[in-house]
Amino acid sequence: MGRCCKCNGRLLCMCLLPCMMTGHLIIYILVSIFVTISYTPPKITLHYIAPGISPNSSALASHPLNPFWKLGVDDTALWNQLQHTWDRHYSPILRGNGSVLARNAKVKVPSHTEEKCGSDCTCSTPPVQDLSSFPEQMRTFIRSMHCREYPLLINQPDLCTRNRSRYGGDHPMLLMAVKSQLGNFENRQAIRETWGRSGLVKTDTLRRGALVRTVFLLGRQDSSLGPHPDLMNLLELENQKYGDILQWDFEDSFFNLTLKDLSFWQWFHQHCSKAVFIFKGDDDVLVRTGALLDYLNKRWQEYQLTSGFINNTGLDLFVGDLINNAMPNRDPSTKYYIPEQFYRGTYPPYAGGGGVVYSGSLALRLKEVSERVRLFPIDDVYLGMCLYRLGLSPKDHEGFYTFDLPQTLRGNPCAYRGALLVHRRGPKEILRLWKQLQNLAGQC
C-alpha cells in the first residue's frame, strides 16, 4: 500500500512538473511584455533638423539652442508684435528660402518707411497707423526705434591702446563707460579726479595695480527740452585736453540711453575688444574702484582656473542690483512711463540703478544678440532683455547701492566699506567722499 502511494506521488509530480514549468514560462513572458510596454527610455537631447541654412549643409538648419520669446505672451502691444515678428523671422527653423517661410510659417515681416536719422543714418519706422494715443516722448521714440547706427561726432579709436608701452603692453583690466550729457562738465571732471582716473590703479590685492581706462558716452543736446546755449566748443576743448569723449549724432534724451549701449558695444568691438571687464554707469555715482578691481580680479582668477576644463565662449559675468518680476510703470507723470499699448507683460530680470559690471566677452555677445531684440526705451530693461535672449540673468551683488545708503549712515565712511557703487552723488559729494573713503581698513 505504501509503495503504491509512493508510485502514485512520483507519477503525479512527473505530470505536474511540465505544467509548472509552462506556467512559469507564461508568467515570465507576460512580465517581460509588461516591462517592455511600461519602459520609458532615458531622454536624449536631439537637435531637430528642418529645411534652411546650416554651416554643415546648404539644405539643413539646426534647432536653436538659445531661448526665444514665448509666443504665448500678449502680442497686442506694439513692441510685443514687432519682437514676435523678429523671433519668427530669425528662427533657424523657419529660415530658408522665401517660399518655405511664406508657405509654412505665414510670417509677415512688416514693410517700413525710410527715414533719415542723425546726419546720414538711414533707418525705417514701424507701420503704426495711429500714434496719437501715445505720449509725445513715446511717439518720438517709435518714429526712430528702427534706427540703430548713428555717425560718431567724436571718436577715440586708440583709447585702449594709448601709451601701452608705459603699462607693459597690457590691455585694460577695466573699461569705465560712463553715460554723461554734454553740459555735465563738473560731473566728468570729478570722476576723472576720483574713481574714474585712467592708468594703473592699486588695490589691496593687486601689487602692481590694474590698468583702467575711462570713456564718457554722449549724444547731442536734446532739442526737445527747449533752447539751450551752444556748448560744442567747450566740449571740443575738453576732448582735446583729456581725449576721453565719445559722442554720437542722436539727441541725448532719456529714451535714447539704449542707443548709447548699442553704440558703445559697436565701438568696443572695433577699438577695445581686449578689455577684460566693463563698468557701465551714470555720471552721478561713486565707485570704489580699488574694491571693484579686487572683486573682479578674484572672478577672473576663478575663471582662468576652470576655463581649461569647460567648453565655453568666455566669462559670462554680469553683476549689479538685481530686480526681478518688475512690471512696467503705468504712471504717466513719471519718466519711466510705458503705455500698455506699447508693451505688455513683466520685464525680464535686469540690473537697475546707476551702474553694472560685465565681462568684455559678454559685451561682444550682447552686441550680436541686440541685433535681434527690438529697441526698448529704458536701457536697464533692454540689457535684461538681451541677457534673457542669451539665456543668462544678472547676478545680484549687495555692494551696489543703487538706491543709496540709509540716510543716517551716509555721513559715516565706515558704512561704505562693503560698497562697490553708491548712486545719486553730485560732483562735490564725489570729491569729498573719495577723500574720506581712502584707507578705509585703517579707519574702521
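Start by selecting strand S12 and strand S14 (residues 395-396): two bridges join them, and the two strands run parallel. Keep in mind as you click around that this is a predicted model. Now pick out Gly-320 and look across to S14, where its bridge partner is Asp-396.

Stay with S12, which covers residues 318-323, and add strand S13 (residues 350-359) to your selection. This time the strands run antiparallel, with five bridges joining them. For a spot to zoom in on, try Leu-322, which stands opposite Ala-351 in S13. If you're wondering what holds such neighbours together, strands of a sheet pair through backbone hydrogen bonds, either parallel or antiparallel.

Next stop: another sheet. Select S11, S16 and S15, in that order, and you have an open sheet of three strands with mixed pairing. Which strands stand at the edges? They are S11 (285-287) and S15 (400-401); each has a single partner strand, so one side of each is left without a neighbour in the sheet. Zoom in on S11 and S16 (residues 421-423), an antiparallel pair joined by three bridges. Click Leu-286 there, and you'll find its bridge partner, Val-422, in S16.

Finally, jump to helix H1, which spans residues 2-38, and highlight Leu-25 in it. Is Leu-25 buried or partly exposed? Its relative accessibility is 49%, so Leu-25 counts as partly exposed. Add Tyr-28 and Ile-29 to the selection and switch on the surface: together with Leu-25, they make a nonpolar surface patch of about 330 Å².

Technical notes. Residues are numbered from 1 along each chain as its sequence is written. This is a predicted model: local features need pLDDT of at least 70, side-chain atom pairs count only at pLDDT 80 or more; totals for chains, interfaces and linings use all residues. Side-chain values use heavy atoms; hydrogens and water are left out. Patches are made of residues with over 30% relative accessible area and no salt bridge: like charges are joined within 9 Å, nonpolar side chains (Val, Leu, Ile, Met, Phe, Trp, Tyr) within 5 Å. Accessible areas come from the Shrake-Rupley method with a 1.4 Å probe; for residues, only the protein chains shown count as cover. A salt bridge is a side-chain nitrogen of Lys or Arg within 4 Å of a carboxyl oxygen of Asp or Glu. Helices (H or I, at least four residues) and strands (E, at least two) are DSSP runs, numbered from the N terminus. Buried means under 20% relative accessible area, exposed over 50%, partly exposed in between (1.4 Å probe, protein chains only). Two strands pair if DSSP finds at least two bridges between them.
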